[in-house]
Amino acid sequence: DNFFRMSIAEQQEELSVLESMYETDGTYIPLSREQPPFSFQMLVTVDGSDDEFEAELPNEGQSSTSKLQNKIRIKYLPPLILQVSLPDDYPASRGPDFQLRCSWLNSANLSKLCRNLDEIWQGQSGYPVIFSWVQWLQHDALKFLEMRPEDLFLRWNDSETSQGTDPRAICESGNMQQIIYQILRYGKVRQHEKFLQDMQECKICFTEKPGSQFYRIEGCGHFYCRPCFHDYCAVMIKEGAVNKLRCPSTKCPEMLPPHIIRDSVSPEAFAKWERLLLDKTLDSMEDIVYCPRCKAVVIEESDNSGRCPSCFFVFCTLCMESWHLGTKCMTPQEKVKII
């Protein structure tokens, strides 16, 4: 019992160190911390994976002249995920149980990393090893595999060694299309997070603020601070220029998405924008007219008739009088004579 109590005490001390070093940046994620067996994840960003680079795709069946076009520009690779569970007798006599997961390394290369983690443990058996594992994965994993980030797609088909696949090596992508999609999606999320954290300059008021105080237009990538967007949208809506609510950047044709407009103005102004936009859209539609009695929107039929869905009035869309099938519309002079 004393042996296991000492092991648990060492484990808690190691976890406290990991928390103090890695929890604030999201590297350390506790899974079971209250009582043993303790388990957690370490999200390890390997050196060079945050740099922008061009990764070459396999050039199968293509001529050498097309090789230069067969590349993808990448910024940010997803981290290696080291999932750890600490047995009762760690670190005194047994190493941690673990899995190593990744979306851009295949099972063969992940297996090599798993076996090297075992060797690191054997080299310092009896002592806490998680920090050493994290440091090695971060700084030396790609060197150990003799791989550059630029070659990650070319190395996707690396074959297994004679030792076979390690069951602790979990590849999270089934094919090349999945790995490309996951990498690009992760990169987009990371770039947005970095934008929110960094200081940005508004191109309208020229003040610097954290990116979290900006709106970024998805289609064109231009961004402006929230107060400037508020003033810009409020003025445009007040003037009724709803079709001109585009990106403020000169000559940029991108329309502002509704969520930016909604967040930038009062509920009353946003309701006015929706109403004006609907009216202008309906006015531009050739088969839309308005009921002469209740002003409801009516779809014009091919015979120039309209039936109001609100008050059920059937009318001629040419003269806006009651429907007169088979007779011509009355002229103004004829209407005067009747009166």
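What follows is a walk through a predicted model, from its nonpolar cores out to its salt bridges and a few unusual backbone spots.

A good place to start is the inside. The largest nonpolar core holds 50 residues, and the members that touch the most others are Leu-80, Trp-104, Leu-113, Ile-130, Leu-137 and Phe-153. Helix H3, which runs over residues 130–145, supplies the largest share of this core, with eight residues. A second core sits apart from that one; it has 26 residues, including Cys-202, Phe-214, Tyr-215 and Leu-245.

Trp-104 gives a feel for how the bigger core is put together. Leaving aside residues up to four places away in sequence, Trp-104 touches Val-46, Leu-77, Pro-78 and Leu-80, then Leu-142, Leu-152 and Trp-156, and finally Ile-179 and Ile-183. One of these partners, Leu-142, is also among the buried residues of H3.

Helix H3 itself deserves a closer look. Its buried residues are Ile-130, Trp-133, Val-134, Trp-136, Leu-137, Ala-141, Leu-142 and Leu-145. In an α-helix there are 3.6 residues a turn, so residues three or four places apart point the same way. The cover over the buried residues of H3 comes from several elements, among them helix H1, strand E2 (39–44), strand E5 (80–85), strand E6 (97–102) and helix H2 (107–123). H3 is not straight, either: a kink of about 55 degrees is centred on His-139. Just past the end of H3, Glu-146 takes a positive phi, at about 55 degrees.

On the outside, Val-17, Met-21 and Phe-131 make up a nonpolar surface patch, and together they have about 250 Å² of accessible area. Met-21 belongs to helix H1, which covers residues 2–22. With a relative accessible area of 40%, Met-21 is partly exposed, so it clears the patch cut-off of over 30%.

Charged pairs come next. The structure has 14 salt bridges. Two of them share Arg-168. One joins the side chains of Arg-168 and Asp-118, with N to O at 2.5 Å. That pair ties together distant parts of the chain, 50 residues apart: Asp-118 lies in helix H2, while Arg-168 lies in the loop between H3 and strand E7 (169–171). The other joins the side chains of Arg-168 and Asp-166, at 2.8 Å from N to O. The two acidic partners of Arg-168 sit in contrasting settings: Asp-118 is partly exposed at 23% relative accessible area, whereas Asp-166 is buried at 9%.

Another salt bridge brings together the side chains of Asp-89 and Arg-94, 3.1 Å apart from N to O. Asp-89 has 16% relative accessibility and so counts as buried, because the limit for that label is under 20%. Arg-94, by contrast, is partly exposed at 39%. Elsewhere, Asp-50, Arg-190 and Glu-193 are linked in a salt-bridge network.

The backbone has some quirks too. A cis peptide bond joins Pro-36 and Pro-37, with omega at about 0 degrees, and Pro-37 lies in the loop between strand E1 (28–32) and E2. Another cis peptide bond joins Tyr-90 and Pro-91, with omega at about 5 degrees; Pro-91 is placed in the loop between E5 and E6.

Positive phi values also turn up in residues other than glycine. Tyr-76 has one of about 85 degrees, in the loop between strand E4 (71–75) and E5. Phe-206 has one near 60 degrees, in the loop between E8 and strand E9 (208–210). Their surroundings are unlike: Tyr-76 counts as buried at 3% relative accessibility, but Phe-206 counts as exposed at 56%.

Last comes Met-199, found in strand E8 (residues 199–201). Met-199 is partly exposed, at 48% relative accessibility. Not counting residues up to four places away in sequence, Met-199 touches Glu-208, Lys-209 and Pro-210. Between the C-alpha atoms of Met-199 and Phe-3 there are 52 Å, and the two residues are 196 residues apart along the chain.

Key. Residues numbered from 1 in each chain as written. Predicted model: local features only at pLDDT ≥ 70, side-chain atom pairs only at ≥ 80, totals over all residues. Heavy atoms only, no water. Patch = residues over 30% accessible without salt bridge, like charges linked within 9 Å, V, L, I, M, F, W, Y side chains within 5 Å. Areas by Shrake-Rupley, 256 points an atom, 1.4 Å probe, with all protein chains shown as cover. Salt bridge = Lys/Arg side-chain N within 4 Å of Asp/Glu carboxyl O. Helix = DSSP H or I, 4+ residues; strand = E, 2+ residues; numbered from the N terminus. Buried < 20%, exposed > 50% of the residue type's maximum accessible area, 1.4 Å probe, protein only. Core = buried A, V, L, I, M, F, W, Y, C linked by side-chain atoms within 4.5 Å. Contact = heavy atoms within 4.5 Å. Bend = angle between axes of the 7 residues up to and from the residue.
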